[in-house]
Amino acid sequence: MIGAPNGKVRRVQTGPALSHEHAHGRSLSVIEREAHGCQRCDLYRNATQLVFGEGPPDARLVLVGEQPGDKEDVAGRPFVGPAGTVLTECLGEAGIERADCYLTNAVKHFKYEQRGKRRLHSRPNAGEIQRCAWWLGAELEHIHPHVVVALGATAARTLLGPGVKVRTDRGKAIDLGLGFWILVTIHPSYLLRIRGRESAERERSDFISDLKVALELQRA
Ligand code: URA
């Protein structure tokens, strides 16, 4: 449920990652091994490798991005490129240690368009998100976090269904009755695209405020 500004509570759906059981008693390392052979959609064909989540398996805070980028695809680790650098800085400014968090993505293979030598990020479609949500669901069942932060629209929809809106729903504590809070915010790569110093600083500060809400929730 999301508290709307008019004081009313709006119901959001449970997204594909949370709508049924995934792990069926298998350990996280077994699930990770299985994920590396994933052919649930076609994205495995062009990606270098699957990028599974990373961090303490008992983390209180889980951060969910969209999909690995170019750097993550090569390194095999989430958030090691430019968006990861901004994310790490903003987490630090919010008082959160990146090493204490479990970082993962809604979609686990890099989807891109080849333009000459460059590989340009391409948004995963609804079918790819739906199929890949299986792995995120399994990760969350194992970690039992206190708070899950959805970074951007793809992660938000994977957790909360198509009705969620990043602009209006960000920064609010959402309770689906699953034993953890969900908090939606922007994707850190958005901060890299903003032109104009003033708006860049404002957006960065709003992002840090959202992360501070997550920190408070995971302490509660
Ligand atoms: N963007 C994401 O959403 N995830 C990553 O791992 C890197 C960039």
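Asn105 is where I shall begin: one of its polar side-chain atoms lies 2.7 Å from a nitrogen atom of the ligand. Please bear in mind throughout that this is a predicted model. Two further polar approaches to the ligand come from the backbone. At Gln67, a backbone N or O atom lies 2.9 Å from a nitrogen atom of the ligand. At Phe79, a polar backbone atom is 2.9 Å from an oxygen atom of the ligand. Taken alone, the ligand exposes 230 Å², and the protein buries 92% of that area.

Where does the ligand sit? It occupies the largest pocket. The residues around the ligand include Gly65, Glu66, Gln67, Pro68 and Gly69. Also among them are Glu72, Pro78, Phe79, Asn105 and His187. Sorted by class, this shell comprises 3 nonpolar, 5 polar and 2 charged residues.

I now turn to the strands. An open sheet is formed by 5 strands, in the order E4-E3-E7-E9-E8, with mixed pairing. Its edge strands are E4, residues 102–105, and E8, residues 174–175, each of which pairs on one side only. Asn105, with which I opened as a ligand neighbour, therefore falls within the residue range of edge strand E4 by the numbering given. Within the sheet, strand E7, residues 147–151, and strand E9, residues 181–185, pair in the parallel sense over 5 bridges. In that pairing, Ala150 of one strand stands opposite Val184 in E9. As a general point, strands of a sheet pair through backbone hydrogen bonds, either parallel or antiparallel.

The antiparallel case is illustrated by strands E5 and E6. Strand E5 covers residues 112–115 and strand E6 covers residues 118–121, and 4 bridges join them. Which residue in E6 is the bridge partner of Tyr112? The partner is His121. Arg115, in turn, stands opposite Arg118 in E6. The hairpin of E5 and E6 has 2 residues between the strands, and in this hairpin Gly116 takes a positive phi near 60°.

To close, I return to the ligand. The polar side-chain atom of Asn105 lies 2.7 Å from a ligand nitrogen, and the backbone of Gln67 and that of Phe79 each supply a polar atom at 2.9 Å.

Terms used
Residues numbered from 1 in each chain as written. Predicted model: local features only at pLDDT ≥ 70, side-chain atom pairs only at ≥ 80, totals over all residues. Heavy atoms only, no water. Near = heavy atom within 4 Å. Polar contact = N/O pair within 3.5 Å; in protein donor to acceptor, adjacent residues only side chain to side chain. Areas by Shrake-Rupley, 256 points an atom, 1.4 Å probe, with all protein chains shown as cover. 1 Å grid on protein atoms, 1.4 Å probe; cavity = no way out; pocket = protein on both sides within 12 Å on 5 of 7 lines; lining within 4 Å. Sits in = over half its atoms within 2 Å of the grid points. Nonpolar A, V, L, I, M, F, W, Y, C, P; charged D, E, K, R; others polar. Pairing = 2+ DSSP bridges. Helix = DSSP H or I, 4+ residues; strand = E, 2+ residues; numbered from the N terminus.
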